[in-house]
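Visitor: Could you take me slowly through one part of what is shown here, and explain each term as it comes up?

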Amino acid sequence: MTSFDFPPTPNRCPDAYGPITTYNRLRCSQVAHGFFLDGKQRAKERFERQNEMAQRLEDPNLSERREQIWKHSGRLEAKYLRFLRTKEGLSNYQTIKTIGKGFFGEVRLVRKIQDGKVYALKRLVKTQMISKDQLPRVRAERDALAESDSEWVVKLYTTFQDNTSLYMLMEFLPGGDLMTMLIKYQIFSEDITRFYSAEIINAIEAVHNLGFIHRDIKPDNILLDRGGHVKLADFGLSTGFRKSHDSSYYQELLQKPPAQPDNVLRSQNRNSVNIDEISLTVSNRAQINDWRRSRRLMAYSAVGTPDYIAPELFTKQGYSFDIDWWSLGTIIYECLVGWPPFAAENPYDTYRKIVNWPHTLFFPDDVPLSPIAIHLIRSMVCNSEQRLGRNGASEIKNHPFFAGVDFSSLRNIIRAPFVPPLVSDVDTSCFPVDELPQTTTTDNNDSSSTGATGTGRVEDDQTPTPEMTLPFIGYTFKRFEKTFV
Amino acid sequence: MSNLFSGINARLRGTANKPGGGKIPSPLSPTEEAPLPSPSSVSQASQSSSTSLQSKLPPLPASPSLSQSIGIVGGTGEDALNSYLLPRPLPIWLNPAYAKHIVKGNFMTLSARPKTVEQGEWVAHQVVEHYRNLWNFVRVIYEKEDDGKSICNATSCPRMSAGANHSYTWLNNRFEPIELPAYEYITLMQRWISGKIDDEKIFPTDASGVSYAHNPQITTTALLTGPDEWIGKRSGFPKDFFSICQTIFLQMFRVYAHLYWAHYAEPFYHLNLEKQLNSCFSHFVLTATALDMLKPHELEPMQPLIDLWAANGTFPPESKAYEYANLKAGARLLQLGGMA
Ligand SMILES: Nc1ncnc2c1ncn2[C@@H]1O[C@H](COP(=O)(O)OP(=O)(O)OP(=O)(O)O)[C@@H](O)[C@H]1O
Ligand SMILES: [Mg+2]
């Protein structure tokens, strides 16, 4: 005889609850999964670090330093644990200057109040991130960034969020970006172009090795560090949301073009002869000067500039890693010529030029370019099937344009052609700070952050709406930093 | 902080069922003190701590592992289950079919302190992580729908209960235990815990204050001994840090117990969240016992689930949680669920 039994299994009815509970169900599940995923990853890395330390303790050559090794490990781990516990929020940082702007928000140079260290803090306004179907990719790329330890990619220290924004705390790269350099110098010699493009090749290769396509290689995303060497800005975390990468946005544009509807309806037709009527007068000086004047504004706009985007990104045919090599080809062109190959008065015309690149890519007579450079650009700005780099970065590295370049010693041995002349750790002379709206430190208080407890106040009625929170769960990340001090 | 919250108390309810292993003395230590007004004292926070109450109430159901170790109950799993005064039919969460997890592998890797890390630092880390986890579940029952109603409310849960046998009271500012709806209890609990965790004097976050674990073979600093030493001292944690953390863990345990006893089916099972809850709670129990944050007798309302998790392999044999479990009771539950 048994005295115990279980109740009959009730049918689950998840739909019997209100919208708040429905939302909480999703969040709860995601947070719990995220906790174990992150927790396992951290435990694994911690275990590896402890093993490494244990090995060093055994090393007879280090026997005098055993105590030091032990203490160092303990302190380092403890600092990381404190970092994980710390309440993250805007109020922990003091704004020094706004140094950059993108469509989703701005980048500020900040100082952490607690330890006085300087960082770049990028803010992304949640409402601007429109296409929600990109979110799984955002999460995946956050994970990739979190894993990446590449010296070619901007280091991400932590991410946090409040009701309105996501924040990314990054290392501050005081050299500014390549767009600012190009605005300043207009044109680079072939030697200087060779240096930057060779470094960008290494950087793109590093991103590809992580399994990611950058998708947004352009001069304002190529940053320069203290020594003037290249690093790629946070890849993909926001670019996926950009309208300029949404092929349907262009489809729509195509449907309702700015002025000449007839023209475009016909140009949609592949057999249309109208395509050849697109203006090819790019080297018109007045037009180029207009383009130069507006390029920074373009970088800040919602549409962004499609100048560097490969044609297959606009079509629904799909694309692969080699779109990044197309972008590099257009940047090399711009460095040598002074403007990108498909520059036009508006994004719409640029777009049309890109998809018709066989007819629109040309090299102006009045700018002297070596045949090898032209050959390199033509092998990158071309059909995906023939594009150099399709079978790996070494294809490009082996191009005669790069003859004699030792790619492995670039970053650490070669001196960069332009080393930022910095006078302090908060020197912003490489940034267009005068052109950017400067906010004051008091703005830091405009948002509430979740506390160390991660729960906020119970009494807090300002619960953010599900749409503003749910997609961003799992965004938060904290890196273990070997150089925590 | 509310002045309602001047202490934590719990007492035994449970007159309905006949205690199965009835003659067993309370597993509580005889030196157990009467309630003290300080909320952070651990001893007074434990269950059935008031001597005056104890004399009026039936004997405590025994913690089976302790009973076994003192050799009074040699009985079967059925006997052990009987001693828990469980309702019939059994709660759905004791059905092994629903005691499953969202993660595979050994939870212990998450709570194992790295050898070089100072104990206080590790405890602080665990407190915060588990608190974040717990709150993730609490808000499901706690947040109000547009009609102003939360799932856990004064009507659904007029007391902070963990089954018919346990309900937890708070001490008011005259140190009298008072009964509160679970919703209000949780509000006070949240306020009190975050008041501690957010206090830099109790949970310092300044990176410059960190220390390391002492290792007699390697480090030359003095051992942790004597009255002027305490866990966390060298990392800048206060003297009462450890006991505050024990109280936090005990409070968190009570909330988990309420989630299981009052809200497992409604809403967690219906929302398909029971595996998530199981994983976070089993990780919580493993951590709390491994770090001596919870004593065996404090686990009582959840003892049968702990038995089940020891029997079904959730708790590895080397864990303290496994040591505190009654394997026979767990095996019997597996059998009842057709999984033995
Ligand atoms: N870590 C950094 N250090 C210094 N300056 C930075 C850093 N990150 C960004 N900037 C500056 O801010 C500008 C805008 O940053 P970023 O390119 O990351 O934002 P965005 O244009 O909104 O996003 P995306 O290019 O990913 O669409 C950069 O062009 C650069 O000048
Ligand atoms: Mg950018």
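Guide: Two residues are in contact when heavy atoms of theirs lie within 4.5 Å. This is a predicted model, in which local features need pLDDT of at least 70 and side-chain atom pairs count only at pLDDT 80 or more, while totals for chains, interfaces and linings use all residues. Residues are numbered from 1 along each chain as its sequence is written, chains are lettered from A and ligands numbered from 1 in the order in which they are written, and side-chain values use heavy atoms, with hydrogens and water left out.

Let us look at chain B, beginning with its partner. Here 81 residues of chain B are in contact with 61 residues of chain A, and the area buried between the two chains (the accessible area, for a 1.4 Å probe, lost by both on being put together, summed over both) is about 6800 Å², 59% of it from carbon and sulfur atoms. On the side of chain A, the three residues A:Phe4, A:Phe6 and A:Arg82 supply 13% of the area that chain A buries against chain B, more than any other three residues. Between the chains there are 5 salt bridges, each a side-chain nitrogen of Lys or Arg within 4 Å of a carboxyl oxygen of Asp or Glu. B:Glu121 forms a salt bridge with A:Arg85, and their closest N and O atoms are 3.0 Å apart.

Within chain B, we can turn to the helices (DSSP runs of H or I, at least four residues, numbered from the N terminus). Helix α5 (residues 119-142) and helix α6 (residues 182-197) of chain B cross at roughly 155°, and their axes come within 12 Å. α5(B) is therefore roughly antiparallel to α6(B), a description kept for angles over 145 degrees. Among the residues making this contact are B:Tyr131 and B:Trp135 of α5(B), together with B:Ile186 and B:Met189 of α6(B).

Farther along, helix α7 (residues 241-269) of chain B packs against helix α8 (residues 274-290) of chain B at about 160°, with the axes 11 Å apart, and so α7(B) is also roughly antiparallel to α8(B). The residues that meet here include B:Phe249 and B:Tyr256 in α7(B), and B:Leu277 and B:Phe281 in α8(B).

Helix α7 of chain B also holds B:Pro267, which a cis peptide bond joins to B:Glu266, with omega about 20°. The peptide bond from B:Arg88 to B:Pro89 is cis too, with omega near -10°, and B:Pro89 lies in the loop between α3 (77-83) and α4 (108-111) of chain B. Most peptide bonds, by contrast, are trans.

Definitions and conventions. Axes are lines fitted to C-alpha atoms, for helices over the stretch in contact, and angles run from 0 to 180 degrees between N-to-C directions. Helices (H or I, at least four residues) and strands (E, at least two) are DSSP runs, numbered from the N terminus. Angles under 35 degrees count as roughly parallel, over 145 as roughly antiparallel, 65 to 115 as roughly perpendicular and the rest as oblique.
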